[in-house]
Every structure is written in structure tokens, then in C-alpha cells.
Amino acid sequence: MSLPDLVLGIIGLALTVMVFSYLIKDNVFFGIALYLLVGVSSGFATLLIIRSVILPMLISPLTQPGTQAFYLALVPLLLSILLVLMLFKRGSRMGRIPLAFLVGVMTAMALMGISRGTLAPQVLSIFYWFSPGIVAGWSAIRWWGLVEGIAILIGVVAVLTFFEDRQRKISHKSPSSPLLKGVSKVGQVFLGVTFGALFVGILSSALIALIGNLSAIVDFFSHLFAG
Amino acid sequence: MTDGLNMQKCPKCGKDNLAHMTHCVHCGTAMEDLFHFDGQIETPESSNEEPIAALPFIFDEMQSTPQSDDDSPSRDSSAEKKATDEDGSQSPDWLERVRERVRAEDDASGLLTKGLSALQERLESDEKGDAESQYQAWLDEIREKAEREKAKQAERLQPSPLDEQGVPEWLRRIRALHPDADEGVEELKTEDEWTEEELEELRRRELGDDYVPNHMNEQTAEDDTDEPEEDDFEPDIEHNIPEDYEDLTTAEAQSRKSKVSPAPIDEALDNSPEETGFVMMGEPKLDPDEVFDTKAVEALLAQSDQSPPARKKASRDAEKEAILQDLVILRGQHEKVALLKALISEEGRPLPSSGEIKTKKRNHSRLIIGLAFILVLLFSIIFIPKNMSHKTPISVPQERFTLHLDAMDANKSLLLVMSYSAASATELEALTAPVIQALEDKGLSWQAMTLRMDGLWLAESLFEKADLKNPPAPVFLSGGQYAMLNLAIKPDDQTELEEQKVLKEGMPKFDDFDYVLLVTDSSLSVRGWLEQVAVNQPSINTFAIISQKEAVAIQPYFDSGQILAYLSGMQGLAGAGSYAGIHQSVFHVGLILMILLLILGFLLRPGSDEQPKPETGGQA
């Protein structure tokens, strides 16, 4: 094992132990490890933004006055200056201009993207299983596909009904009909299954990460003692 | 208020009094002609009150006479007459006439009784009206005095004549009374025309009996060593103290030089400016609750030397300071109100028990369980062989992924898009490294791009695990989804400016790729790609390698066919154990341990982490 690997391995081991010390209680070693991560990440991100964004996309065009790139670069420069003004009390209103610009663009993009990339394809995929042309084209009826499509349809309707019923309770509107309450209960079952699956996924990911780190520590010591 | 009242003149002093006054309010002389009724014969003063005193007896007698014995009215009447005659000539004539009429008309006794009752009520009401009128007269007198005092004060508040230096007369008088106030005053005094004798005379006139000669003051000041020096320069404000309060002890008065004690209203009104000599500027009235600051006098002295604009500014500052002090008081009151509200809201709630005050016993169970869990995993990693075979069931997405990976042609190209953090690197690198190595083995051309900043050095770690000799340099695409949209939109070459292409310089062109492999730990990245890029690049086939915790969220996109296949979690590692670096047996051991811990947690400590429910009933 080379010296850099040894030093880096010891540092990694020490940081791992410092993070695990949170099992005892929130202590200074855990804080040091946390602040180290945040500080290193921030410094790295700052340098990367300067090198990859600010220099090539803002400073470089501004060094070419008279060109079209120069005038185009004035727009982000102006917006950036307005954004910096938010640091000051008097200029906070001016800082809303670039924020409004960003929010507007983001909203437009999200609406377009969701409608084209999620809503329409998902609805069409559900209708796909019930399309007469598709069903008639099959040599044998795919019962499992139909059941899956029906389950998806019921799940979507039931979950939407659950949220509607919940909104009624929050806003103290008139109580829902017994039918809607029953459908809402079904929606709760679907939501419970979904959250359970998410919880299992989180546990599984955390377990994989833990095993990976422990394996790295074991490998480090095995290499260390093996020479 | 007294305009509509009848007035009568006092026979002695000739001044006006109210009509029902028994005595003159000015000289105290008894007022005559008070009780004057129609038909009443004037009688001497001695017999004036007797009928009133005799009326109740007469009244009783008149009432009892017809009821006691109706048969002998003449005898009773004669007896009464006799008794009356025995009383002498003190009975008035009108009463005699009334009696005669009663004797003459027995039936009229009821009317006469009523008339006497009315007479008696009138007399009583006159007595009440007399008291009220006296009280009203007293109030009027006080008001008249107050009016006179206000008029005199208004005269004194008129701009006083200025001397050659522009110093008003009132200020000169103040300075003359306090020769040792400050240097400015000292200078003024030396330049003043007034001689020492005139000043002595002025002080004597102003202070009256309370005047103490100047040399006596100096002697007193020398004796009073406890007083701070600055007090000697403070103006003596005792001239504004009402007379009765000057009788207070000297020590108390000096210790409270900065304050003026409250005075009764009438005495304060009597304490006219003629007696005190002068009044403080701007304080024509003394509020009993008001705190008088001696520094205000010094400020006034300083203001007198200032120009009118500066004086106005100083007064504005003083008003502002007063307002601020009010605000401070209001804030203090507000805090008190908040404190009281908090106390009231806490009322009735149980106090923390002694058991809660005790220091909480440190619970080491979490530490013990965590360490035991880690130790079991360590032993599993060390002692369980890595090449142990497993028959893990393969999921549908993984099966599809394997099929598509095998079907990839060598002349196709693939774009690897990375967007994950270091925390998910272990899992995702274990899943991605075998795929990249398979692509290398096929001779497929590929390029790497990262949407996160830390993806640059995570890519190096990934390529190292994939054991690549000459991996392509990853490209950082700043801007996330917006940058992807910019790359995905097919621009019209005729309209796109050359300078606009600088944003795409060095960036991969999506048109050049047949496949896109998304490696991410967030379903939002997959959604962003599908919503912003895939809809604009329908020819690109999308695959994904995602963390297990987000796999559920992208399952609908797989069902809809927007993602051809994806890998996630330990199921994705099935069959790729040699690249993973993750022991599947250890993973299973860890999974069993976590399930056991969850069950134990539910069984042994139910509800320990629940938030206490708020009491709905409340306490009485």
C-alpha cells in the first residue's frame, strides 16, 4: 500500500468514525465531519462555477466589445447585478426582476414539460390497455395486462378521491357521500403501499451504502496488515 | 350656568348671591327674605322658624282628629284652640286661619292635609336646592378664580420685552435669581445693568417670606456637603411648589428637588403667579403626576442663547424624545401584557413534576443496538465468502435492461448522463460499472456528461471501478433541466446566431446519440429528462440506473414505455456480483437485522416516539 493510499485511508476511516459517533449523541466530531463536507463541497462548487460558467459564458464575451455575444452577455450581467442588489435593503425590490424572470421561465417550462412529458403519456398508457384496437389485435387476451390497467385506473381515481375528501375536511365543507368515502379509503390503501415501497427503498439504499463503506474499511485493514 | 338663575343682593355687602342662599357667600351675612310665601305675613325673625318646627305636630293633630272621635269635633277643636291660645301669640295668623277653616269645614280636612303635605315637601325641596345652590356657587367661585389665573398667565406668556442683547425679561429674572448657574449666565450678569441691591430687592419681592439673603444661601450650601456640586447649579424650583407643600421638611424637599408633589386643586388655584413670582416656561399648569426634571431648566437656559430656528429644532428633538419615551413605556407595557397573557394561559396547567425536573437518564440502547448492528455486518463481511452464489429473482425492468444491452450494436452511440451524490455512489457505481464495462467490450462509442458539480470526481471513481483504460472526459452541464432543454431543442440553422452557439460549445449534441443512460439517485432527474429532452428528441431510447429508494417513482414511466428499461438496488446487481463490490449475502443479513429491529421497536416501545396529543377537554 502506497503512502497516499495509507494517508487517505486513515483520513477516510477517521471521518467515518466521526460520523458514526452520532450514535452516541450529537457531538463536535460529527459537526466537524459535517462542516468539512459542506465546506469542501461549497469551495469545489464555487471554483467549478467560475471556471465552467462565469468565465466562458460571461467574462469571455464581455472581452469582445462590439460583437453580438458582447451585447447578449450584458443581459445576464444586468440580471446578476440586480440579483446582487437583494443583499441590500434598498435594492431588494430590484432583485425581484431576475427572480420574476426565473420563476416565469421555470413555470412555463414545468407546465409544458409536465403536460407533454408526464400527463399525456401516462393517460395514454392507461388507455392503451383498454383500447379496442389493441385488445382485438391480440391473438389471445392478455388478462394480466387488463388487470394491471384496471388496477392502475382504480388507484389513480381512488387517490384523487382521497385528496379531494381530505381537502373537504380541511376546508370544513359538507361531508362526502359514503361512496366517495369508501373510494377514499381505497386510495389510502394505495398510498400506504406506495409509501411502504418508498420506505423499503430508502432502507435498502442506506443498507447498501453502509455495507459498501464497511467493506471499504475491511479492505483497507486487510491491505494494511497484508503489507 | 348661572345666567338663568335669580339673584339677590346681600343686604350687607351688596354683592350678588343666588336666590336661595341662606348666607352671603362673600361676607357670610344671613340672607333675609328667604322663605317668602304668598299670603304670608311678615313676622319677626324669631318666629320665622317656629311654624316649620310646629308643622309636624299640627299635621299629626289634623290627621288624628277626625279619626279618633268624630262625635266631638267641637270639643277637640275648642281644646286645640285653647292649647294654641296657651302657646301664646307665637302661632302665625295664617295658621290660625287654617285651623279655623278646618274647624269650620270638617270635610275639607283632607284637602288641607294634602296642602300641608305639599307645603312640607316644598320646604324640603327648598332645603335641598339651597345646598345645591351653595355647592354651585362654590364651583362658580373656583371657576372664576381659574379664569382669572389663566388670564394672568396668558399675560405673562406674552412675549416679554427684550433687552439689547435679545434676552427676554423673564430669562433675566431667572438668571438674576440664580447667579451661579453657569458661565453664560455669569457673563450676562456682569454685563447686566442691575445692581446687587436691585437684585436683592427683586428676590425679596419674588420670594416674599421665603427669601433668604444670598450670603445665607452660600452658608447653607457650604453646610450641605452631602449634596452633589451640580445640584448647586440647578435652578431652584420651589417657587412652583404650592404653599402648603413648602411646609414639608426641608430635607425631603431637597432630596426631591427634581420632583414636584401634587397639590389639591383649590390650593393650587390659590397659588397664583402673584405669590410665586413667576412660572416655568411652557408649564402653566402643574400636573401632579408629572415628573419635573431640573435638566429641563438648564435646557431652557441653553435654548435662550440659541437662534429661533435652533430653538425650534431643540424643541422638536425634545418632543421626539418624549415620544420615544412614550414608545418605550408602551413597549414595556406590551411586554407586561404578553407576560400576563402567558401566565394566564398557563393557569390551571399542572406544574412539571419532580420526576421531570430530574436529569433524564441517558439511554444507551440506541448506541448498543447500532454498534451491535455494525458488528454483525462486519463479521458477515469478513467471514461470509464473496463468491457465494445467490438465486435472486430478476425484475422485469432488469430483464428488459439485459435484453437491450445485449441487443446494442457496436456502431451505435450512447450518452451517459450522471446526476447523483456521493452518498449514493456506492450503490450506483456498483450498478453502472458492469454496464460500462459491457459497453466497452462491445466497442460501443459513448460519452459522459454530469449535471452535478461533484459528478466530475464521482465519474473518475466510477471509471476506476469499471477498470477503464482511456475513459472519455466527463462534461459538466450547468443549468440542469434548462440546459438540457437548450441542448434538446433543434434550432433552425438559418436563424441561430453564431454567437448563440457558444453556449453549446463543447457540449454533446443529442442528435448524435442513439441511447441515453441516466445514472441518478433522484427520480426528478429522470422526470426532467423525459419532460424536457425526450419529448424533443423522440429518436433517443432512454435507459436508467437509479437508486433503490427512487425506483418506485419511475416505475410509471417504465410502464408507459417512456423508459425502455432500468436497473435499481440489489435486484439490479443480480448476475453482476463480480463488479459490484457489494456482498449480497451481507445485504441479506443486514436486511433481516433491520426487519427484526423494526419489529422489536414496534413491540417493545410502542408510542414512545409519538407526539403527545393535545388535551381537548381542557381544565376547569
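Here is an informal Q&A on a predicted model, its chain A–chain B contact, its ring pairs and its salt bridges.

User: Before we start, what are the ground rules for numbering and confidence in this model?
Analyst: Residues are numbered from 1 along each chain as its sequence is written, chains are lettered from A and ligands numbered from 1 in the order in which they are written, and side-chain values use heavy atoms, with hydrogens and water left out. The model is predicted, so to speak of local features takes pLDDT of at least 70, side-chain atom pairs count only at pLDDT 80 or more, and totals for chains, interfaces and linings use all residues.

User: What is the secondary structure pattern of chain A?
Analyst: Helices and strands here are DSSP runs (helices H or I, at least four residues; strands E, at least two), numbered from the N terminus. Chain A has seven helices and zero strands. Read along the sequence, that gives α-α-α-α-α-α-α.

User: What share of chain A counts as buried?
Analyst: Buried means under 20% relative accessible area, exposed means over 50%, and partly exposed is in between (1.4 Å probe, protein chains only). Chain A has 227 residues, and the buried share of them is 25%.

User: How many residues does each chain bring to the contact?
Analyst: Contact means heavy atoms within 4.5 Å. On that basis chain B gives 53 residues and chain A gives 44 residues.

User: Which three residues supply more of chain A's buried area against chain B than any other three?
Analyst: Buried area is the accessible area (1.4 Å probe) that two parts lose on being put together, summed over both. Between chain A and chain B it comes to about 4,100 Å², with 74% from carbon and sulfur atoms. Of the area that chain A buries there, 15% comes from the trio A:Leu23, A:Met109 and A:Ile208.

User: How many polar contacts and salt bridges run between the two chains?
Analyst: A polar contact is a pair of N or O atoms within 3.5 Å; within protein, one must be able to donate a hydrogen and the other to accept it, and residues adjacent in sequence count only if both atoms are side-chain atoms. A salt bridge needs a side-chain nitrogen of Lys or Arg within 4 Å of a carboxyl oxygen of Asp or Glu. Between chain A and chain B there are 12 residue pairs in polar contact, both residues at pLDDT 80 or more, while the salt bridge count is zero.

User: Which element gives the largest share of chain A's side of the contact?
Analyst: The elements of chain A that give two or more residues to that side are α2 (28-62), α3 (68-84), α4 (96-130) and α7 (178-226). With 19 residues, the largest share comes from α7(A).

User: Why does the A:Tyr22 and A:Phe30 ring pair count as tilted?
Analyst: Rings of Phe, Tyr and Trp (its six-membered ring) pair if their centres lie within 6.5 Å; planes under 30 degrees apart count as stacked, over 60 as edge-to-face and the rest as tilted. By this rule there are 12 aromatic pairs over all chains. A:Tyr22 is partly exposed at 44%, whereas A:Phe30 is buried at 16%. Their ring centres are 4.5 Å apart and their planes are at 35°, so the pair is tilted.

User: What is the arrangement of the B:Phe379 and B:Phe383 rings?
Analyst: Both residues sit in helix α16 (residues 365-383) of chain B, four residues apart, or about one helical turn. B:Phe383 is exposed, at 58% relative accessibility. With centres 5.7 Å apart and planes at 10°, the pair is stacked.

User: Is A:Asp165, the salt bridge partner of A:Lys169, buried or exposed?
Analyst: The closest N and O atoms of A:Lys169 and A:Asp165 are 3.9 Å apart, and the two lie four residues apart in helix α6 of chain A, about one helical turn. A:Lys169 is exposed at 57%. At 7% relative accessibility, A:Asp165 is buried.

User: How far apart are the closest N and O atoms of A:Arg168 and A:Glu164?
Analyst: Both lie in helix α6 (residues 143-170) of chain A, four residues apart. A:Arg168 is partly exposed at 25%, and A:Glu164 is partly exposed at 43%. Their salt bridge has its closest N and O atoms at 3.8 Å.
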